[in-house]
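Subject: Structure for your files

Hello,

Here is the structure I said I would pass on. My notes on it follow below.

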Amino acid sequence: MCLAVPGKVLDIEERDGTRMATVDFGGVVKEVCLEYLPDLRVGEYAIVHVGFALQRLDEESARQTLELFAELGLLQEEFGDPWEAAATEADEDAVEEVRK
Amino acid sequence: MKYIDEFQDPELARRLLDDIHATVTRPWALMEVCGGQTHSIIRHGIDQLLPKELELIHGPGCPVCVTPLEVIDKALEIASRPEVIFCSFGDMLRVPGTGRDLFQVRSEGGDVRVVYSPLDALRIARQNPDRQVVFFGIGFETTAPPNAMTVHQARKLGIANFSMLVSHVRVPPAIEAIMSSPSCRVQGFLAAGHVCSVMGMGEYPGLAERFRVPIVVTGFEPLDILEGVRRAVRQLERGEHTVDNAYARAVRPEGNPAARAMLEDVFEVTDRAWRGIGVIPGSGWRLSSKYRDHDAEHRFQVDGIRTEEPAACRSGEVLQGLLKPHECEAFGTVCTPRTPLGATMVSSEGACAAYYLYRRLDMPAGKTREATPVV
């Protein structure tokens with residue numbers, strides 16, 4: 001019940017004075033109330049909980065986070081201990097030799 | 001969202017884990033507050049991949065688990081009345097009250113219906129003007145705004161046969177109670193991402209400062225949790241204690257102002273008993289006097305119910321991070337998801353249910369599912 005899940009807005013309409021949307025959750029489509037995110041647009045993503053859109057999902061932030069994660073490895077390669085890296089590579093070479 | 005697959009990327013998870021392993025130099029204990037995060041951690045085996053010095057303690061963030069027995073008994077009594085259609089989220093059906101649950105009330109002839117949204121209950125009220133429709137309004141700050149909006153709509157549309165049994169709880173007072181306990185071992189928090197989507201981060205700097213603990217707002221995908229852990233242990237190793245947002249794609253510092261305004265209008269803060277823990281001051285919401293007409297407790301006069309927890313159930317200690325689920329003698333023997341002693345086992349988001357479903361531990365083979373390693 002407490003799980004809130006991301007969904008994509010397919011369609012928006014006014015019903016009984018309430019802003020409602022049709023939202024796609026990876027194939028499952030449900031009616032969602034937009035009263036708490038009145039400026040959400042068709043094609044945008046939001047976190048939805050018990051039939052209410054509670055927060056817009058920011059694609060730019062998602063992309064930045066993924067870039068940070070990807071960079072973590074690069075930074076380690078750049079600033080890590082070169083002796084350790086060489087030793088790891090040597091081990092990998094040894095394993096390759098055994099396989100051959 | 002289209003990024004979900006990428007937030008489960010094993011290669012990126014390995015990089016985050018490497019960074020965490022390189023950062024941790026001594027023992028630390030972090031609490032993840034939300035039951036959804038607990039399930040993600042156990043399901044993906046994240047706790048087993050972390051450095052052995054780093055312990056994840058499961059917090060009280062399962063609304064089904066912490067709803068007090070007294071409120072469950074009130075729900076059972078109201079749901080038993082012939083004039084009532086009682087609407088609830090599905091995960092409340094098997095939560096044991098004193099002697100029975102909502103599922104049994106239905107089998108005894110009560111009109112108990114499962115709804116996906118509180119607005120569904122309001123629609124049922126419009127369709128059945130000669131019946132009393134009651135919605136079971138439980139949950140944390142994520143669930144409270146939808147419920148608040150539903151009561152507001154009922155009042156606006158003049159739907160007089162709709163009322164709500166309200167037992168909402170708030171996270172920050174629970175953090176305060178956990179940190180104030182003399183036996184507390186928690187040194188940092190992974191704050192519940194979706195609670196913060198609504199409430200923002202304004203309630204946390206005071207707590208971080210007062211208890212000198214880092215609080216990192218954290219999401220639910222494996223990479224989100226690893227990033228939350230990474231940022232928390234970085235702070236701990238440096239002796240810092242600030243509030244940090246590791247879930248920026250869904251959490252703005254101010255939260256959702258429209259939802260917060262509705263909460264303030266419809267609810268007022270009250271002391272609330274947490275199942276297995278006891279009363280935490282200021283930790284709940286009840287309907288404000290303006291909406292008294294839609295308060296099911298007022299309408300059905302169910303005061304005076306006094307109940308006691310089963311003595312064998314140690315879910316209170318589990319909820320406070322003092323006991324791991326499998327350390328309880330009843331775990332997996334007399335207490336299973338089919339025969340739960342307490343709500344931490346019956347709730348799909350409870351810590352005991354997570355351990356039962358995903359961990360092998362010392363339990364007989366075939367009783368649990370394998371965790372799916374994240375890397």
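This is a predicted model, and the notes concern chain B.

In chain B, strand S3 (residues 84-88) and strand S4 (residues 111-114) run parallel and are joined by four bridges. Within this pair, B:Phe86 stands opposite B:Val112 in S4(B). Between the two strands the chain goes through helix H6 (residues 102-107) of chain B, giving a β-α-β crossover that is right-handed.

There is also an open sheet of five strands in chain B, ordered S2-S1-S7-S8-S9, with parallel pairing. Its edges are strand S2 (54-61) and strand S9 (243-245); each has a single partner strand, so one side of each has no neighbour in the sheet. On average, and ignoring direction, neighbouring strands are turned by 25° against each other. At the S9(B) edge, strand S8 (residues 215-218) of chain B pairs with S9(B) over three bridges, in the parallel sense. B:Val217 has B:Asn245 in S9(B) as its bridge partner.

Two helices that pack on this sheet are worth a look. Helix H2 (residues 35-43) of chain B touches strand S1 (28-34), S2, strand S7 (188-192) and S8, and its direction makes about 120° with that of S1(B). H12(B) lies across S1, S2, S7, S8 and S9 of chain B and runs at about 170° to S8(B).

H12(B) (residues 222-238) also meets helix H1 (residues 10-23) of chain B: their axes come within 10 Å and cross at roughly 15°. The two helices are therefore roughly parallel to each other, and H1(B) passes H12(B) in a left-handed crossing. On the H1(B) side the contact includes B:Leu12, B:Leu16 and B:Ile20, and on the H12(B) side B:Leu226, B:Val229 and B:Val233 are among the residues met. By class, this contact has nine nonpolar, one polar and five charged residues.

A second helix pair is formed by helix H7 (residues 118-127) and helix H8 (residues 144-157) of chain B, whose axes come within 9 Å and cross at roughly 25°. H7(B) and H8(B) are therefore also roughly parallel to each other, but H7(B) passes H8(B) in a right-handed crossing. H7(B) contributes B:Pro118, B:Leu119, B:Leu122 and B:Arg126 to the contact, while the residues from H8(B) include B:Pro146, B:Thr150, B:Ala154 and B:Leu157. Six residues of this contact are nonpolar, three polar and one charged.

Regards

Conventions:
Residues numbered from 1 in each chain as written. Chains lettered and ligands numbered in written order. Predicted model: local features only at pLDDT ≥ 70, side-chain atom pairs only at ≥ 80, totals over all residues. Heavy atoms only, no water. Axes fitted to C-alpha atoms, helices over the stretch in contact; angles between N-to-C directions. Parallel < 35°, antiparallel > 145°, perpendicular 65-115°, else oblique. Left-handed = near helix turned anticlockwise from the far one by under 90°. Contact = heavy atoms within 4.5 Å. Nonpolar A, V, L, I, M, F, W, Y, C, P; charged D, E, K, R; others polar. Pairing = 2+ DSSP bridges. Right-handed = clockwise from strand over helix to strand, strands pointing away.
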